Structures are given as structure tokens and as C-alpha cells.
Amino acid sequence: MYNMTFEELSGDYSQERMDSVATALEEVLTSALPQGSITIGVYEAAKSLNVDPDNVVLCILATDDEDVKDVALQIHFTLIQAFCCENDINILRVNNTRRLAEILGGGGKQSGGEPMDLHCVLVTSPHSTSWKDPALSKVNRFCRESRCMDQWVPIINLPER
């Protein structure tokens, strides 16, 4: 332990920090869901961003390995990212849609059995209260710090449970 290099130490810190942000993101999603503060789906998110962008506090873009080759999805992501950057909305990329589906309930299926479009998830602020969530603050701070390091859309790995 005493002979660790700076790179090893910073790598451990970085992984620990990523795990901490992933946990905070999970807390944000699970607390926003019962409040009706989640918008799921690329098209639904685009509509919500168009109607009330000031109410969006976080945009999550989710992909799995097979989604990387989906050109239409990548174009949607580019447009959503540009809109979010222009409107000062924090963005995260998540690389585990199956885990995201578990967090959001329903196992990725809508009530009719159709698969949910989890490629874009928006977290909005409830109109009734000014939402002060420590987990959301942690995620937003991570996004700001990432932008300072020229990583405009940081990637988070949601660990399996």
C-alpha cells in the first residue's frame, strides 16, 4: 500500500468517486420517480425540453453496446446534448440501460408490455417545492467539474445489484 504511485492512487479515487456519483444518481432517480419528476423516452424528452427547459434539472442519455451503431439515436443524442448545453442543463451518459430500467421500475417494460425507450431520461424539478436534494447536488457538482476538465458529457457506469 505504501508503494502505490500517484496514478494508482488517483485511479482508486476516481473509481471511488464514480461509484459515489452512480449511487447519488440512483438516489436522484428513485426519489424523483414517485414525485412524477421523470420523463422517459427520446421523443417525450424532446417535447418536455421544448415546452419547459427551465424545469429540467438533469438529462441522462443511456446506451448499451449495440446502440453505438444506431446512427439515428446518435443524431438525437447530439441534438439533445446541444440543447442541454445551450440551456445550462447538466447531462450524463449512462452505459447500462438494463440497470437504469431496474432503477426506474418495470424492468424496462411499459404497462402494455412494450419496451420503454430508456435512451433519454429527464429529471425535472417538482413545481410544488424547490427541490433541495443532496444527491442531485452531488451529481450536478460532478457534471460541473467534468465540464471544467473539458468532458462535457461524463459517462457513468451504473453497477449491477
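Which helix holds both Glu102 and Arg98, and how many residues apart are they? I looked, and both lie in helix α4, four residues apart, about one turn of the helix. Helices here are DSSP runs (H or I, at least four residues), numbered from the N terminus.

Note to self: this is a predicted model, where local features need pLDDT of at least 70 and side-chain atom pairs count only at pLDDT 80 or more, while totals for chains, interfaces and linings use all residues. Residues are numbered from 1 along each chain as its sequence is written, and side-chain values use heavy atoms, with hydrogens and water left out.

Next I looked up salt bridges (a side-chain nitrogen of Lys or Arg within 4 Å of a carboxyl oxygen of Asp or Glu). The structure has three.

Entry one: Glu102 meets Arg98 at 2.7 Å, N to O. I checked exposure too: Glu102 is partly exposed at 37% relative accessibility, and Arg98 is partly exposed at 48%. The scale calls a residue buried under 20% relative accessible area, exposed over 50% and partly exposed in between, with a 1.4 Å probe and protein chains only.

Entry two: Glu102 also bridges to Arg99, with the closest N and O atoms 2.9 Å apart. Those two sit three residues apart in helix α4, again about one turn.

Entry three: Arg99 pairs with Glu26, closest N and O atoms 2.7 Å apart. This one links distant parts of the chain, from helix α4 (residues 97–104) to helix α1 (residues 6–32), 73 residues apart. Arg99 counts as buried at 6%, and Glu26 counts as buried at 15%.

Putting the entries together, I get one network of Glu26, Arg98, Arg99 and Glu102, joined by salt bridges that share partners.
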